[in-house]
Amino acid sequence: MHILIVEDDIDLGQALLAALKAEGFSGLWVRRLSEAPEPSAAGVDCVLLDLSLPDGLGLQLLNRWRREGMLVPVIVITARSALGDRLSGFESGADDFLVKPFAMPELMARIGAVTRRSARQASPVWQVADLKLEPQAHLAWRDGAPLELSLREFRLLMELARDPSAVVSKRDLGRRMEPLGEPLDAATIEVHLSHLRRKIGAERVRTVRGVGYQLVP
């Protein structure tokens with residue numbers, strides 16, 4: 001998973017990046033509201049958002065994102081513990097609220113919980129028909145048999161499995177599969193998709209011409 005951190009405290013920002021890396025996640029850390037990219041466009045799976053930043057309030061950014069239709073889950077991380085602050089966060093569109101200082105294992109559990117809900121999954125192991133995925137461990141199975149997937153093949157399957165009812169464009173796949181670098185081009189995506197089809201069944205990924213791809217349950 002790719003996590004956006006909007007936090008001005010240097011020690012905490014560095015600690016969060018290290019903790020995410022230890023869990024196998026990638027992270028993008030910014031210290032100002034003005035530096036924060038739009039999460040959906042940046043291939044972000046979850047946002048960790050501080051409330052007090054040098055150039056404004058985190059809730060201002062959250063409010064704008066939600067007005068624009070941004071659906072990526074957001075966990076507010078803040079030293080403010082008053083009920084009013086928590087209510088303001090939820091009313092602005094936060095999915096969870098974590099008061100500093102907090103334990104990293106609790107944060108990771110909360111990230112797992114909000115991203116499962118975002119993907120409409122009830123447990124840490126996602127299931128789409130006979131396919132099962134465990135995003136945090138980068139494991140996948142079909143009919144109970146483990147699938148040997150490369151990192152990009154797994155990421156491609158995960159992006160398609162987020163909402164099997166949706167058709168995902170090549171552009172979105174390219175951006176989400178390589179969140180920290182240049183988006184993958186269409187030809188590279190097609191290569192990884194060909195490999196994935198051989199492993200899960202060619203009929204499991206439908207091509208919608210001129211639009212993108214869809215996972216078939």
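Q: When do two strands pair, and over how many bridges do strand 1 and strand 2 pair?
A: Two strands pair if DSSP finds at least two bridges between them. In this predicted model, strand 1 covers residues 2-6 and strand 2 covers 26-30. Their pairing is in the parallel sense, and the number of bridges is five.

Q: Which residue of strand 2 is the bridge partner of L4?
A: Strand 1 spans residues 2-6 and pairs with strand 2. For L4, the bridge partner in strand 2 is L28.

Q: Which strands stand at the edges of the sheet, and why is one side of each left without a neighbour?
A: The open sheet has five strands with parallel pairing, in the order 2-1-3-6-7. Each edge strand has a single partner strand, so one side of each lacks a neighbour in the sheet. The edges are strand 2 (26-30) and strand 7 (96-99).

Q: By what angle are neighbouring strands of this sheet turned against each other on average?
A: The sheet is open and made of five strands. With direction ignored, the average turn between its neighbouring strands is 20°.

Q: At what angle does helix 2 run to strand 3?
A: Helix 2 (residues 58-67) lies across strand 1, strand 3 (46-49) and strand 6 (74-78). Relative to strand 3, the helix runs at about 155°.

Q: How do the residues of the contact of helix 1 with helix 4 divide into nonpolar, polar and charged?
A: Helix 1 (residues 10-22) and helix 4 (residues 104-118) pack at about 65°, their axes 11 Å apart. Helix 1 contributes L12, A15, L16, A19 and L20, while helix 4 contributes M104, L107, M108 and I111. The division is no charged, no polar and nine nonpolar.

Methods: Residues numbered from 1 in each chain as written. Predicted model: local features only at pLDDT ≥ 70, side-chain atom pairs only at ≥ 80, totals over all residues. Heavy atoms only, no water. Axes fitted to C-alpha atoms, helices over the stretch in contact; angles between N-to-C directions. Helix = DSSP H or I, 4+ residues; strand = E, 2+ residues; numbered from the N terminus. Contact = heavy atoms within 4.5 Å. Nonpolar A, V, L, I, M, F, W, Y, C, P; charged D, E, K, R; others polar.
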